[in-house]
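Good morning. Please have a look at the structure on the screen, and I will walk through a few of its side-chain contacts and backbone details.

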Amino acid sequence: MFRFATVCLAFGLMTTPALAAETLTFEPDHTSVVFQYPHFGMSHPSGKIMGANGTLVLDKDDPTKSTVDITLDMKTLTTALPDFDTLLKGEKYFDIAQFPAATFKSTKVELTGENTANVTGDLTIHGITQSAVLAVTFNKKAFNPALFKTGYGFSATAHLSRKAFGLGNLEPIVGDDIDLIIDAEVY
């Protein structure tokens, strides 16, 4: 009897395709994009965007086949300066009434180390799509007792030009070079 069960189990494993890819959802309360911009070249103030919605299809056997598709709610943009937030959300900058979301859709994943990769994709901000490269670091896989789920944590950085997205207003007060610092949890 034991031998028959072993043969059945082995046959079942051979005929069942491997599930290498796992579709995970971004956790909006723990996924954020911090942006820093040069102010007169004297300092680098920051702001934050949250409201993530999207998926990471993580292929554990071949991470280069993984994909990212994420949308950020531009209404969540904050610099902690209410008047500046209103200006940024208005027609002269992000115009969130017309462009309420920013999106990133990966087109290529290139491993750069044991826990790092460059993820290239189409970044759309203010209705303009440009290619962008995210330098991504895998932080950890862990069980989250608050959500009763196991998830993955990632951090990433990127460097952008405001002008490339039609957001060159107030230069040189606000410089063109924008740095992004991204943290994400997926479950």
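Let me start with two aromatic residues: Tyr37 is buried, and Phe84 is buried too. Keep in mind throughout that this is a predicted model.

How many aromatic pairs does a search of the whole structure find? The search gives four. One of them is the pair of Tyr37 and Phe84, with ring centres 6.0 Å apart and planes at 50 degrees, so the pair is tilted. For the tilted class, the angle has to be neither under 30 degrees nor over 60. This pair links distant parts of the chain. Tyr37 sits in the loop between strand S2 and strand S3, while Phe84 belongs to helix H2, and 47 residues separate them. Together with Phe35, Tyr37 and Phe84 form one aromatic cluster.

Next, a second tilted pair. Phe138 and Tyr152 have ring centres 6.3 Å apart, and their planes also stand at 50 degrees. Phe138 is in strand S8, Tyr152 is in strand S9, and the two are 14 residues apart. Is each of these two rings buried or exposed, or something in between? Tyr152, at 7% relative accessibility, counts as buried. Phe138, at 28%, counts as partly exposed.

Now the charged side chains. The count of salt bridges comes to three.

Glu22 pairs with Lys60, and their closest N and O atoms are 2.7 Å apart. Here too the contact links distant parts of the chain, with Glu22 in strand S1 and Lys60 in the loop between strand S4 and strand S5, 38 residues apart. Glu22 is partly exposed at 28% relative accessibility, and Lys60 is partly exposed at 46%.

Another salt bridge joins Lys65 and Asp62, where the closest N and O atoms are 3.9 Å apart. This pair still counts because the cut-off is 4 Å. Lys65 is exposed, with a relative accessible area of 58%, whereas Asp62 is partly exposed at 25%.

Glu171 and Lys163 also meet in a salt bridge, at 3.1 Å from N to O. Glu171 has 35% relative accessibility and Lys163 has 49%, and each counts as partly exposed.

Stay with Glu171 for a moment and turn to the backbone. Most residues other than glycine have a negative phi, and most peptide bonds are trans. What is the peptide bond from Glu171 to Pro172, cis or trans? That bond is cis, with omega near 15 degrees. Pro172 lies in the loop between S9 and S10.

Ile173 is in that loop between S9 and strand S10 as well, and is partly exposed at 33% relative accessibility. Ile173 helps to make a nonpolar surface patch of about 480 Å², together with Phe40, Met42, Leu87 and Leu170.

Last, two residues with a positive phi. Asp95 is not a glycine, yet its phi is near 45 degrees. Asp95 is placed in the loop between H2 and strand S6. At 12% relative accessibility, Asp95 counts as buried. Phe148 has a positive phi of about 55 degrees, and its place is the loop between S8 and S9. At 68% relative accessibility, Phe148 counts as exposed.

That is what I have for today.

Note on methods. Residues numbered from 1 in each chain as written. Predicted model: local features only at pLDDT ≥ 70, side-chain atom pairs only at ≥ 80, totals over all residues. Heavy atoms only, no water. Helix = DSSP H or I, 4+ residues; strand = E, 2+ residues; numbered from the N terminus. Buried < 20%, exposed > 50% of the residue type's maximum accessible area, 1.4 Å probe, protein only. Phe/Tyr/Trp six-rings, centres within 6.5 Å; stacked < 30°, edge-to-face > 60°. Patch = residues over 30% accessible without salt bridge, like charges linked within 9 Å, V, L, I, M, F, W, Y side chains within 5 Å. Areas by Shrake-Rupley, 256 points an atom, 1.4 Å probe, with all protein chains shown as cover.
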